[in-house]
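I am opening a notebook on a structure that is new to me, and I want to write down what I look up in the order in which I look it up.

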Amino acid sequence: MLFVYNVIPYISHGDITGDVKLYNKWSNILSQGHFPQNDPTWQYPPGAAVVIELPRIIHSLTGLSYYAAFYALALGSDLLVFLLVIYRCWRTAGEIGQVRPDYLGAYAYVAAIFMLGPIVFGRYDIAVTMIASIGLALALRTAAATWRVRGLAIGFGTIVKIWPIALIFGLPRGPNGRRAIRWVVLGIAVPTLLLLPLSGSLSFLTQQSDRGLEVESVLAAPFLLARHFGYHGVIKNRYGSFEVIGPGISAIAQFCELLTLLGFCWLLWWRRRAQLTPERWSEGVYYDAALVAVMISIITSRVLSPQYLVWVCGLIALCLALTPLHRGGTVLAGPCWLLLATISITQLEFPLLFDRLVHGSLKAALFVTGRNVLLVGATVWAAALLWRRYARPEPSVEPHDCAEELCEPVP
């Protein structure tokens with residue numbers, strides 16, 4: 001917060017406050033009863049309006065500036081994620097009969113937030129991470145109540161920023177999973193219906209279609225490097241981000257969407273093979289599947305802004321909060337540490353090297369490429385571990401064994 005308020009000078013303070021200025025502008029439009037549908041930088045589902053408008057409501061009630069209210073909400077969201085991780089550490093200790101909780105997950109969360117930098121409080125992604133963490137970690141007195149609240153959190157998080165829908169891949173089969181899905185649908189449908197009368201509430205569906213490859217995305221990296229070997233591409237500011245423009249880019253941007261779809265199809269196949277019945281399901285598989293699903297969506301996206309890694313901070317922490325479990329714990333401890341290492345260098349990429357990147361620096365392009373290789377490596381490693389641990393092999397039957405059993409004489 002000292003960086004956010006410029007008490008301690010930061011590398012580029014404008015990169016912290018820039019999006020909050022935009023949110024303030026949008027909140028003025030939202031308070032007039034319609035969405036900023038004519039603004040090409042508005043590319044968010046309707047639930048984002050709730051998070052963006054809330055600081056303006058606090059301003060009207062308390063007199064705090066929009067900025068102060070937004071930063072206070074970001075800090076509160078950060079605190080709630082941290083407390084949920086602490087709570088998960090306590091639950092883990094209780095489940096294994098350990099007197100003293102292991103706070104590894106909580107330490108990892110604090111480290112990840114500091115390594116990612118003050119951009120955490122300059123974007124609304126920390127609020128979405130908080131909602132998703134409720135959908136993962138909150139446990140109430142009964143299973144029915146727990147899965148209602150978790151499903152509701154996943155549903156509401158989805159209409160705020162889409163990615164929390166990825167949490168459904170790890171839901172258990174049976175009544176609890178079905179109950180969660182019903183409440184996911186309610187969490188999406190009810191707020192959407194309430195916001196639908198506002199003009200432009202669904203404009204984000206069309207304003208995303210023309211986006212290209214943002215310079216930090218995984219599939220933009222080859223084009224950034226190719227520019228230094230004769231590829232005729234340029235970097236322009238479009239739709240609120242810097243994109244690579246040139247031959248073949250539009251096809252690759254569409255290919256990103258196909259990759260995301262294929263990744264989610266793989267997760268459905270994994271889920272079918274994993275047979276997540278109540279006997280085989282655990283909170284560990286729930287968290288692990290969520291982390292893999294979110295990482296697939298990140299590395300296959302046309303846009304990879306540094307704030308996307310805020311989502312990963314909460315998921316890593318919850319996975320590591322399960323590490324001491326003898327049964328039902330995470331199998332992704334290794335990928336989690338690799339992701340933490342990747343987060344530790346992301347602040348160097350943005351904002352330190354970002355200006356050089358958009359101006360064509362080869363060193364900056366190599367650095368971003370290296371960071372993206374680590375992200376892809378962690379995702380592939382995590383997916384392989386998830387498959388190896390939970391996907392059951394196809395049943396095989398030995399013909400001669402069957403013949404022997406069938407030929408066994410009846411006494």
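**Entry 1: the whole chain**

How many helices and how many strands does the protein have? I note before anything else that I am working with a predicted model. I counted the elements and found 16 helices alongside three strands. I then looked up the radius of gyration, which is 23 Å and close to the 22 Å that the globule rule gives for 411 residues, so the protein is as compact as a globular protein of that length. Along the principal axes, the C-alpha trace spans about 85 × 55 × 45 Å. Of the 411 residues, 52% are buried. I also checked the contacts with a separation of 6 or more, and 75% of them are between residues 24 or more positions apart.

**Entry 2: helix H5**

I picked out H5, which runs over residues 125-137. Its 13 residues reach 18 Å from the first C-alpha to the last, close to the 18 Å expected at 1.5 Å a residue. Is this helix mostly covered or mostly exposed? I found it mostly covered, with 12 of its 13 residues buried; among them are Asp 125, Ile 126, Thr 129, Met 130, Gly 135 and Leu 136. When I asked what does the covering, I found that it includes H2 (48-62), H3 (66-96), H4 (104-116), H6 (143-161), H11 (283-299) and H12 (308-320).

**Entry 3: the sheet**

In what order do the three strands lie? They form an open sheet in the order E1-E3-E2, with antiparallel pairing. E1 (213-214) and E2 (234-238) are the edge strands, each of them pairing on one side only. I went through the pairings in turn: E2 and E3 (residues 241-245) are joined over five bridges, and in one of these pairings Val 234 has Ile 245 of E3 as its bridge partner. E1 and E3 are paired over two bridges, where Leu 213 has Val 244 of E3 as its partner. I also noted that E2 and E3 make a hairpin with two residues between them, and that Tyr 239 in the turn has a positive phi of about 55 degrees.

**Entry 4: aromatic rings**

I turned next to the rings, and the structure holds 25 aromatic pairs. Phe 169 and Phe 264 make one that is tilted, with 5.3 Å from centre to centre and 45 degrees between the planes. Which parts of the chain does this pair link? They are distant parts, 95 residues apart: Phe 169 lies in the loop between H6 and H7 (175-195), whereas Phe 264 lies in H10 (residues 249-274). Phe 169 is buried at a relative accessible area of 9%, while Phe 264 is partly exposed at 22%.

I compared this with the rings of Phe 350 and Phe 354, whose centres are 5.2 Å apart and whose planes stand at 75 degrees, so the pair is edge-to-face. Phe 350 is buried with a relative accessible area of 10%, and Phe 354 also counts as buried, at 13% relative accessibility.

Ring pairs also build a cluster from Tyr 5, Tyr 23, Trp 26, Phe 35, Trp 42, Tyr 44, Phe 70, Tyr 71 and Tyr 124. Tyr 124 came up again when I looked for charges over rings, since the charged end of Lys 161 sits over its ring at 5.2 Å from the centre. I found Arg 150 over the face of Trp 147 as well, at 4.8 Å from the ring centre.

**Entry 5: backbone details**

Where is there a cis peptide bond? One joins Phe 350 and Pro 351, with omega at about 10 degrees, and Pro 351 is found in H13 (residues 333-352).

I also noted positive phi values in residues other than glycine. Asn 6 has a phi near 65 degrees, is found in the segment before H1 (13-30), and counts as partly exposed at 41% relative accessibility. Gln 275 has a positive phi of about 50 degrees, and its place is the loop between H10 and H11.

Notes
Residues are numbered from 1 along each chain as its sequence is written. This is a predicted model: local features need pLDDT of at least 70, side-chain atom pairs count only at pLDDT 80 or more; totals for chains, interfaces and linings use all residues. Side-chain values use heavy atoms; hydrogens and water are left out. Helices (H or I, at least four residues) and strands (E, at least two) are DSSP runs, numbered from the N terminus. The expected span of a helix is 1.5 Å times one less than its number of residues. Buried means under 20% relative accessible area, exposed over 50%, partly exposed in between (1.4 Å probe, protein chains only). Contact means heavy atoms within 4.5 Å. Two strands pair if DSSP finds at least two bridges between them. Rings of Phe, Tyr and Trp (its six-membered ring) pair if their centres lie within 6.5 Å; planes under 30 degrees apart count as stacked, over 60 as edge-to-face and the rest as tilted. A charge sits over a ring if NZ of Lys or CZ of Arg is within 6 Å of the ring centre and within 35 degrees of the ring normal. The radius of gyration is taken over C-alpha atoms; the globule rule is 2.2 Å times the number of residues to the power 0.38.
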